[in-house]
Amino acid sequence: LATQQGIDPSLIGPVLTTAAYSGDMALAKRYVAVWPKLDPQQQAALLTAMVGFRDAGAIRFLLEAVVSGRLPVTPASNLFFYAGRNAQSTRGVRLKFLEEHFDEIVQLIGEKLFGGKSQLPNAGLGFCDLQAKNELQSYFEPRLAKLTGAPRVLSHVLESIDQCIAIKAAQEPSVTAFLEKQ
């Protein structure tokens, strides 16, 4: 990151993503600090890597960097939808952050074609349990008036959670039995 040398350009994205997977707040701070020095292609790779953090503190720091302007809303607003999605322990971090900063984020993101504030229910993507589904639904339903297009997005997210719950229920017993034999 410091010299932007020593790594084949085609490997920058995978290396940054791998580092973020086990990274902490210190690495997240380095990612934010280096952002302005990168070209758009490198920034895209860095943003993809930022989504992969599994450390709750790092994820909160990255989300705060978007809200505070240290990372540009476009394209970094994707962090509101995807940061921490791949780890059960951090899926709730972005949703909790969104709840704490909802009005500010709605104003910050604004209206965009195929994006913007109508996509905020996507913060629930990756959840796979009834409690999370109910919390997501109860949080967003009263706020949908502010979010043109969001009712459809919310229904898709809730359906994806239902599908995940059903798949888990159908496959968990056989997977458990298989693993117990190993």
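Okay, let's start at one residue: Glu135 sits in helix α9. A word on that label: helices (H or I, at least four residues) and strands (E, at least two) are DSSP runs, numbered from the N terminus. This is a predicted model, where local features need pLDDT of at least 70 and side-chain atom pairs count only at pLDDT 80 or more, while totals for chains, interfaces and linings use all residues. Residues are numbered from 1 along each chain as its sequence is written, and side-chain values use heavy atoms, with hydrogens and water left out.

Back to Glu135. Is Glu135 buried or exposed? Neither, really: at 41% relative accessibility, Glu135 counts as partly exposed. The cut-offs are under 20% relative accessible area for buried and over 50% for exposed, with partly exposed in between (1.4 Å probe, protein chains only). The side chain of Glu135 makes a polar contact of 2.9 Å with that of Gln131. By polar contact I mean a pair of N or O atoms within 3.5 Å; within protein, one must be able to donate a hydrogen and the other to accept it, and residues adjacent in sequence count only if both atoms are side-chain atoms. For a sense of scale, Glu135 and Ile7 are 128 residues apart in sequence and 43 Å apart in space, C-alpha to C-alpha.

Now let's zoom out. The protein has ten helices and two strands. Reading from the N terminus, the order is α-α-α-α-α-α-α-α-β-β-α-α. Along the principal axes, the C-alpha atoms fill a box of roughly 50 × 50 × 25 Å. Of the 182 residues, 42% count as buried. As for contacts, meaning heavy atoms within 4.5 Å, take those with a separation of 6 or more: 66% of them are between residues 24 or more positions apart.

Next stop, helix α4. This helix covers residues 56-68, so to speak its 13 residues, and reaches 18 Å from its first C-alpha to its last, close to the 18 Å expected at 1.5 Å a residue. That expected span is 1.5 Å times one less than the number of residues. Which residues of α4 are buried? They are Ala58, Ile59, Phe61, Leu62, Leu63, Ala65, Val66 and Val67. The cover over them includes α2 (25-34), α3 (40-51), α5, α6 (78-82), α7 (91-100) and α8. At the N-terminal end, Asp55 acts as the cap of α4, with a side-chain oxygen 3.2 Å from the backbone nitrogen of Gly57. Just after α4 comes Gly69, with a positive phi of about 95°.

A quick look at α5, residues 73-76, which holds Pro75. The peptide bond between Thr74 and Pro75 is cis, with omega about 10°.

On to α8, residues 102-109. Here Phe102, Ile105, Val106 and Ile109 are buried. Looking down the axis of α8, these buried residues fall within an arc of 100°, so they line one face of the helix. The arc is taken from the directions from the helix axis to the C-beta atoms.

Right after α8 there's Gly110, which has a positive phi of about 70°. Gly110 lies in the loop between α8 and β1 (111-112). Setting aside neighbours within four places in sequence, Gly110 is in contact with Gly116 and Lys117. Gly110 and Leu147 are 37 residues apart in sequence, yet 9.6 Å apart in space, C-alpha to C-alpha.

Lys117 deserves its own moment. It is in the loop between β2 and α9, and at 16% relative accessibility Lys117 counts as buried. Again leaving out neighbours within four places, Lys117 is in contact with Val106, Ile109, Gly110, Glu111, Lys146 and Leu147.

Last item: the disulfide. A disulfide is a covalent bond between the sulfur atoms of two cysteines. The rule used here is a pair of cysteine sulfur atoms within 2.5 Å, and by that rule the count is one. Which cysteines does the disulfide join? Cys128 and Cys164, with S to S at 1.9 Å. The pair links distant parts of the chain, 36 residues apart: Cys128 is in the loop between β2 (115-116) and α9 (130-140), and Cys164 is in helix α10 (residues 150-181). The torsion about the S-S bond of Cys128 and Cys164 is about -100°, so the disulfide is left-handed. Cys128 is buried, at 17% relative accessible area, whereas Cys164 is partly exposed, at 27%.
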